[in-house]
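Colleague: I would like to learn how the features of a model such as this one should be read, beginning with the fold as a whole and then going down to single residues. Could we go through it step by step?

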Amino acid sequence: MLTTRKATIGFCFGCIRSFHFRNSIFLFHNPTRSKLCVAEVQKAGKFIIYCNSQITQNGRSGNIEEAESIFNRMPRKSTISWTAMLTAYAENGKIGKARELFDEMPERSTASYNAMITAYVRSGRVVDEAYDLFCKMSERNAVTYAAMITGFVQVGMLDKAEQVYAKVPAKSRDPVCSNALVSGYLKVGRLDEAVRVFEGMVERDVVSWSSMIDGYCKSGKIVEARVMFDRMPERNVVSWTAMINGYMKMGYFGDGFGLFSIMRRQRDMLVNSTTLTIMLEACGSYGKYQEGIQMHGLVSRMGFAFDVFLGNSIITMYCRCGCIDAATKIFHIISKKDLISWNSLIAGYVKHDKIEEAYKFFEKMPTKDVVSWTTMITGFSSKRNNKKSVELFKMMPVKDDIAWTAIISGFVSNEEFEEAFCWFIEMLRESVRPNPLTFSSMLSASAGLAALNQGLQIHAQVVKLHLEFDLSIQNSLVSMYSKCGDVVDAYRAFISINEPNTVSFNSMITAFAQNGYEEEALRVFRKMQSEGQDPNQITFLAVLSACSHGGLVEVGWEYFKSMKSLYNIEPRPDHYTCMVDLLGRAGSLDEAINLIHSMPYEPHAGVWGALLGASRIHVRLDLAKIAAEHLTKLEPDNATPYVVLSNLYSILGEKGDGDQVRMTKESKGIRKSPGLSWVVL
């Protein structure tokens, strides 16, 4: 087939060479010859068009040598021919050759300039050269302006983009040029500027509307996005998908799923693979198993059953919903598995603590990437098998910062803090740049060791690498300083956060509560409420702990009750423990035991331990017996209930009963663990 096509091209070239344009005068004096040559001219024109299309086609398919061959053999080239070859070079990343050809062009059109400017813009590196050409043009059209605006937008030069936009003639401005500027402002989060440009548009297309919907969604303004969506004169699959994705990202699964159902009922509106991927991801993220099954069925009915991209999304969805067997079945159905297929299934097994099964699939992988290795390292670390994690890490052919962070984080999560420091030092020796998660892990290690000096050194490294404004690092700094007893620096780290999140507030409230600053802890909590940050279970643990240490019974009760009434947070056993401790410290032990009996689930050892401690302080032998009885059942090897009961008997003059308790403890071989302390040398 290729031989035939080349032969045809060769024949055409021969035909064209046989025709001499210098004989044009002769044509007017020879009518017969004139008719013949007019046909030849028409044939030549068709041939040039054919060659131009072949250059374009070969350029798009990456066959640049074939495109060059056709271009170089053309006896006569039009401006379109030169432009086609220039575009072919640009599309294949040969910007230098494209510019050489542009400079050689005997005649340049607006399309030629546009092609060269677009080539520079797509390269993303030489916007200045593009602008030089833009300024030299005698005539520009909408494509020229849009390409130049896009070029400045891509490199973040929005002021320059705005200057070009201001020069666009009114007839060429909308919608292409305006869309380019709107996209640029939305890219950097300047929604107000995007709205200004959008509202000033005389003509808008579906791209204009869809861009604004996506911008509103990404800015968290889901209501405004829906208003914009409802205003659209016409919608396509992109606009529907943008609105659905906005709902899902903001946590409004019901609204997103409902809108998807409406979309499905629209005439001539076909759901595409992107829409289905978003729906599958949402079903997995929110654990919506039944809806996930519906999406799986829809994928099959629409003929996407063998699409590897959607197959991977289905695997991930089932894994997140806890249906690892279903995920495995889909994995085996996919005929052409890619790396994502393997990694998705392995990650699912790791997430559900099936490490050995994950490792079997890992060993069967035809090829492994950094994600594959890192997933398994994290999995073995989660099972406290750091030896296997290290073994895998050393086998990795290429180790990036994420892999190093995984091995370090594994040691930190298993409280092997000194080992984590050793690996961190090795990471620096290998000239691997730590990322924010690496530093967060190392700050946690410093906090675990209460090693302020090491924490200060990590903080210095953070500043050196200009990462001091990373939110995860800032939160870790607050926690590190507070656990090392330096509340002042913890607060300094907290107030340096421009936009603190729930974790930030939790860290600071906990810092104040644990270091005896109860009023300050509650003040930060009130600030959290006033700034519209929603507290979570950890927040209330810190708040109730502060109330307990400060003896603030009424305030504690108020916050405890508000968990359910104001924030729809169901108190967990740890919250009841704080309340029992609060009531016990205040001497309200009868109220404390009533609260325990009202718990919707079985109290854990912490609850009974808090009651036992309060009974010892207020010498309530009756309640101490109840608490000790439950504690010995829950923690048979715990010596504390025996010691407390024995001491209470002695205080009340019942020495015989006290001796009996001590003998029982000794007969069971239960020994009280000695206190520990350490010094840094």
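The dialogue below moves from the whole chain to the core, the surface, the salt bridges and a few single residues.

Colleague: What should I know about the origin and numbering of this structure before reading any value?

Modeller: This is a predicted model, in which local features need pLDDT of at least 70 and side-chain atom pairs count only at pLDDT 80 or more, while totals for chains, interfaces and linings use all residues. Residues are numbered from 1 along each chain as its sequence is written, and side-chain values use heavy atoms, with hydrogens and water left out.

Colleague: How many helices and strands does the protein chain have?

Modeller: Helices (H or I, at least four residues) and strands (E, at least two) are DSSP runs, numbered from the N terminus. Here the protein chain has 40 helices and zero strands. Its radius of gyration, taken over C-alpha atoms, is 36 Å, well over the 26 Å that the globule rule (2.2 Å times the number of residues to the power 0.38) gives for 681 residues, so the chain is more spread out than a compact globule. Along its principal axes, the C-alpha trace spans about 140 × 60 × 55 Å.

Colleague: What percentage of the residues counts as buried, and what percentage of the contacts joins residues 24 or more positions apart?

Modeller: Buried means under 20% relative accessible area, exposed over 50%, and partly exposed in between (1.4 Å probe, protein chains only). By that division, 46% of the 681 residues of the protein chain count as buried. Contact means heavy atoms within 4.5 Å, and of the contacts with a separation of 6 or more, 56% are between residues 24 or more positions apart.

Colleague: Which residues touch the most other members of the largest nonpolar core?

Modeller: A nonpolar core is a set of buried Ala, Val, Leu, Ile, Met, Phe, Trp, Tyr and Cys residues joined through side-chain atoms within 4.5 Å. The largest one holds 213 residues, and Ile 149 and Met 376 touch the most other members. Leaving aside neighbours within four places in sequence, Met 376 is in contact with Ile 346, Val 350, Ile 355, Ala 358, Tyr 359, Phe 362 and Leu 392.

Colleague: Which residues make the nonpolar patch on the surface?

Modeller: Accessible areas come from the Shrake-Rupley method with a 1.4 Å probe, and for residues only the protein chains shown count as cover. Patches are made of residues with over 30% relative accessible area and no salt bridge, like charges being joined within 9 Å and nonpolar side chains (Val, Leu, Ile, Met, Phe, Trp, Tyr) within 5 Å. Val 619, Ile 651 and Leu 652 make a nonpolar patch of about 260 Å². Leu 652 is placed in the loop between α39 (640-651) and α40 (655-667), and it counts as partly exposed because its relative accessibility is 41%. For the protein chain as a whole, about 35800 Å² is exposed, with carbon and sulfur atoms supplying 53% of it.

Colleague: How many salt bridges are there, and where do the partners of the bridge between Glu 162 and Arg 196 lie?

Modeller: A salt bridge is a side-chain nitrogen of Lys or Arg within 4 Å of a carboxyl oxygen of Asp or Glu, and the structure holds 19 of them. In one, the closest N and O atoms of Glu 162 and Arg 196 are 2.8 Å apart. This pair links distant parts of the chain, with Glu 162 in helix α10 (residues 158-167) and Arg 196 in helix α12 (residues 191-199), 34 residues apart.

Modeller: Another bridge, between Lys 633 and Glu 629, has its closest N and O atoms 3.8 Å apart. Both residues lie in helix α38 (residues 621-634), four residues apart, about one turn of the helix. Salt bridges that share partners also join Glu 162, Glu 193 and Arg 196 into one network.

Colleague: Is Ser 208 buried or exposed, and why does Ser 335 count as exposed?

Modeller: Ser 208, found in helix α13 (residues 206-218), counts as buried because its relative accessibility is 2%. Apart from neighbours within four places in sequence, Ser 208 is in contact with Pro 175, Asn 179, Phe 198 and Met 201. Ser 335 is found in the loop between α20 (324-333) and α21 (339-351), and it counts as exposed because its relative accessibility is 63%.
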